Amino acid sequence: MGDGVEFQTHGSIALITLNNPPVNAMGVAVRQGIADAIAKAEADGTIKAIILTGRGRCFCGGADIREFGKPREEPFLTNLINQIEICETPVVAAIHGSAVGGGCEISLGCHYRVGDASAKFGLPEIKLGLLPGAGGTQRLPRLVGIAPALDIILSGDYVGAQMGRELGFFDEIIDGDLVEGALDYANGLVAGGKGARRTRELTIDGSGAEKIFADMRAKVARRSRGLIAPERCIEAVESALTISLDEGLALERKNFDELVQSDQSKAQRHLFFAERQAHKIPGVPADTPVREIKSAAVIGCGTMGRGIAMSLANGGVPVTVLEVSKDSLDTGLALTRDTYAGSVSRGSLAQGDMDARLGRITGTTDYADIADADIVIEAVFEDMDLKKQIFGTLDATCKPGAILATNTSTLDVDEIAAATKRPADVIGTHFFSPANVMKLMENVRGGKTAPDVIATVMKLSKDIGKVGVMVGVCDGFVGNRMLYAYKNQAEFLLEEGALPRQVDKVIYDFGFPMGPFAMGDLAGLDVSYLIRQHRRATIPSDDRTSIIPDRIYEMGRHGQKSREGYYLYHEGSRVAVPDPEIEKLIVGISGELGIERREISDREILERCLYPLINEGANILGEGIASRPSDVDLVWIYGYGFPIGRGGPMFHADLVGAKEIYEVMKKLHDAHGDMLKPAPLLEELAKSGKSFADLQS
Ligand code: 3HC
Ligand code: NAI
């Protein structure tokens, strides 16, 4: 039956099984196999119903993404789905695990859908910068209605069995063995004389459609600024109301072909594979055993500790939070409850889920209560002596085999590990604020961290819905080290002639959620001041630093929290309002430094902020702190809001060209000295005509 598709008969039922590990993706061979199997069943007069199912971990993960960008080969998925839909013999999709992308679309072409309790469906194409290209935008609204279909298509999120049944996607949820249940279901159809039931023949209820589309457009404008795929999705779903299914399929295909060639989709496909590649870690073979994580503890219930505890609880891991006193514990737990309650009142979390999650979080002030935890994550103040003392206590208290992790954002993980007699069990798990929301876990392997500890923490990242990236020890790790390079230049631009609002606008227009100064105000200028003080005390450097941030901090302006920072913030508002006083201060500082202010173009601002950031990424890669360029991209996409449609700094660098960036860095180096010295790796790529993608492993 061709590669990856099996054909069997069970009495008058044909059973077609996808068998193309790992996820039954529908490459050309699988598509051909299904087409042949359907034709064979249709031609056999004894076959009264057909079941389409999948072997292995899921029904089907969709089209084979690795084929995108290559010439399309027949049979096309759209035609295959039409072939199934027009069958006279009823076709039942029997779904376990995921039926997503093309896998969902093929089940929409089937006449009936049953699933087991693990079944879920969805159209994640938007996450690849695409729209569903094999009928999803046409058939899903016909089957479940416009509003749910739009939500599913525009979020890319998956819908579970129960909700799928309520929406009318699943006709039945089967207890017990799926194939046996599907055979019973199919035999029941035959016995009941039920024939083909085609999704294309359903009519869409268009009532209220205008408002639904307008609301969705407004939502997309807020959430997906700069991305082209969402509007193409909306357009295609909208067309389902006004044109025939076949015309709709043609429009959908046109949009798909346009998007698949776009840099945005290439960037998002790059990120899809990057997330999976990040789990392949040098020195940690795929078969490295992992330690079981059945319970966790978090030390410190401050800003980060609370977010980390919620992340674990949200991912199903029971967690005990340890604080220094009963009072701070009570405050921390009350704030945790408030955060969940806020989600419930905004409608993004069900009360039952809040209760279940909160139920997994308990508090203590006694180390004896965390002695049995499988992993402990420390999130106390950023103070080396305090952290060493805590790791000493953990060493003395925790059971053998427990993983001891630190959330430090700047301190040396090896020095912390040396405070224990078990440095092989110590690792960094650097979450980003707010930790219950931000997806990145920048995990830091120390010099002595054991491979199974690395494998376990990377698995834990995935299990709790985070994107894990493993990096090595250096000042600032990957993310913050690149951030320093970027922020330094943004500050120098102020001294040389730019104003915060000009720099921030350029960065915002590039696609970041905000520029470096608005970001500084949000994070707190007191926090960055303390980090600078610590760095100055511990890392002597001759590098130029700007005096502007210190001056602003010394004025008592701590950012949004004090309603004054680089900008002004009116009571109850987060809108950054330019402040003439700060602009005067900046101009005055230029005078003090003897710098003649000049007109600085938007292009210079962008290059001056981004290229040093990319250059630092190249240094990090050259030093082996990150394993591959795509790991650096993930850190910046999921930790720092680098625009998703640009694929991360190293992917973006390849679009611009290493040579071009190297030439600009050389000029910046000549003008500003060694802190802007081109990275040896960047120079090598520029001179050899290679790209960062060529280094990808
Ligand atoms: N094409 C090619 N490879 C795929 C794939 C796909 N559609 N889906 C997953 N894979 C690969 C992954 O790259 C990974 O490869 P690796 O082991 O070499 O790193 C392997 O399959 C396993 O993937 P996961 O680690 O993600 O496995 P999980 O079991 O955790 O999850 C899944 C399985 C839920 C199916 C998840 O892979 C997923 O959500 N995939 C989304 C796929 C997707 O976006 N599909 C839409 C494709 S576009 C499309 O169908 C176009 C159509 O509209 C015309
Ligand atoms: P925070 O000041 O909000 O919270 C620290 C908490 O630790 C406080 O609740 C304090 O009572 C508790 N604590 C202090 N000493 C303790 C002890 N001996 N035992 C138990 N609890 C103790 O600090 P925040 O912002 O949560 O930072 C924590 C760690 O996370 C730091 O290492 C920081 O560098 C790191 N980090 C912070 C980020 C941020 O944006 N705030 C981002 C990423 C990492």
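Me: Hello! How many aromatic pairs does a search of the whole structure find?
Reply: Happy to help, and please keep in mind that this is a predicted model. Each pair of aromatic rings is described by the distance of the centres and the angle of the planes. Searching the whole structure for such pairs gives a count of 16.

Me: Take Phe-68 and Phe-256: is that pair stacked or edge-to-face?
Reply: Their ring centres lie 5.7 Å apart, and the cut-off for a pair is 6.5 Å. The planes stand at 85 degrees, and angles over 60 count as edge-to-face. The pair of Phe-68 and Phe-256 is therefore edge-to-face.

Me: How many residues apart in sequence are the parts that this pair ties together?
Reply: Phe-68 belongs to the loop between strand 3 (49–54) and helix 2 (77–85), while Phe-256 is part of helix 10 (residues 245–260). Both Phe-68 and Phe-256 are buried. Because the two rings sit in these separate parts, the pair links stretches whose separation in sequence is 188 residues.

Me: Which ring does the charged end of Arg-646 sit over?
Reply: A good place to start is an aromatic cluster formed by Phe-432, Tyr-486, Phe-510, Phe-512, Trp-636, Tyr-640 and Phe-642. The charged end of Arg-646 is 4.0 Å from the centre of a ring, and that ring belongs to Phe-510.

Me: And over which ring does the charged end of Arg-535 sit?
Reply: Here the charged end of Arg-535 is 3.7 Å from the ring centre. The residue that supplies this ring is Tyr-484.

Me: Let's turn to ligand 1. What percentage of its accessible area does the protein cover?
Reply: There are 26 residues around ligand 1, and Arg-57, Glu-105, Glu-125, Tyr-158 and Arg-276 come nearest. The side chain of Arg-57 places an N or O atom 2.7 Å from an oxygen atom of ligand 1, and the side chain of Arg-276 also has an N or O atom 2.7 Å from an oxygen atom of the ligand. Gly-61 uses a backbone N or O atom, 2.9 Å from a nitrogen atom of ligand 1. On its own the ligand has 990 Å² of accessible area, and the share covered by the protein is 81%.

Me: Which element gives the largest share of the shell around ligand 1?
Reply: By class, the shell around ligand 1 holds 13 nonpolar, six polar and seven charged residues. Two elements give two or more residues to it, helix 3 (102–109) and helix 11 (263–277). The largest share is three residues, and it comes from helix 11.

Me: How much of ligand 2 does the protein bury?
Reply: Of the 22 residues around ligand 2, the nearest are Met-304, Glu-323, Glu-382, Lys-387 and Ser-409. A polar side-chain atom of Glu-382 lies 2.5 Å from an oxygen atom of the ligand, and a backbone N or O atom of Thr-303 lies 3.0 Å from an oxygen atom of ligand 2. Taken alone, ligand 2 exposes 830 Å², and the part of this buried by the protein is 78%.

Me: Which helix gives the most to the shell around ligand 2?
Reply: The shell around ligand 2 has eleven nonpolar, eight polar and three charged residues. Helix 12 (303–314), helix 15 (384–397) and strand 15 (426–431) each give two or more residues to it. With three residues, the one that gives the most is helix 15.

Me: Why is helix 4 described as largely enclosed?
Reply: Helix 4 spans residues 136–144, and its buried residues include Arg-139 and Arg-142 as well as Leu-140 and Leu-143. Helix 4 is largely enclosed by the rest of the structure because its buried residues number nine of the nine.

Me: Which proline follows Ser-433 through a cis peptide bond?
Reply: One cis bond in the model runs from Glu-74 to Pro-75, with omega near 0 degrees, and Pro-75 is in the loop between strand 3 and helix 2. The bond after Ser-433 is cis with omega near -5 degrees. Its proline, in the loop between strand 15 and strand 16 (440–445), is Pro-434.

Me: Is Phe-477 buried or exposed?
Reply: Phe-477 has a positive phi, near 50 degrees, without being a glycine. Phe-477 lies in the loop between strand 17 (467–472) and helix 18 (479–496). Its relative accessibility is 0%, so Phe-477 counts as buried.

Terms used:
Residues numbered from 1 in each chain as written. Chains lettered and ligands numbered in written order. Predicted model: local features only at pLDDT ≥ 70, side-chain atom pairs only at ≥ 80, totals over all residues. Heavy atoms only, no water. Phe/Tyr/Trp six-rings, centres within 6.5 Å; stacked < 30°, edge-to-face > 60°. Helix = DSSP H or I, 4+ residues; strand = E, 2+ residues; numbered from the N terminus. Buried < 20%, exposed > 50% of the residue type's maximum accessible area, 1.4 Å probe, protein only. Lys NZ or Arg CZ within 6 Å of the ring centre and 35° of its normal. Near = heavy atom within 4 Å. Polar contact = N/O pair within 3.5 Å; in protein donor to acceptor, adjacent residues only side chain to side chain. Areas by Shrake-Rupley, 256 points an atom, 1.4 Å probe, with all protein chains shown as cover. Nonpolar A, V, L, I, M, F, W, Y, C, P; charged D, E, K, R; others polar.
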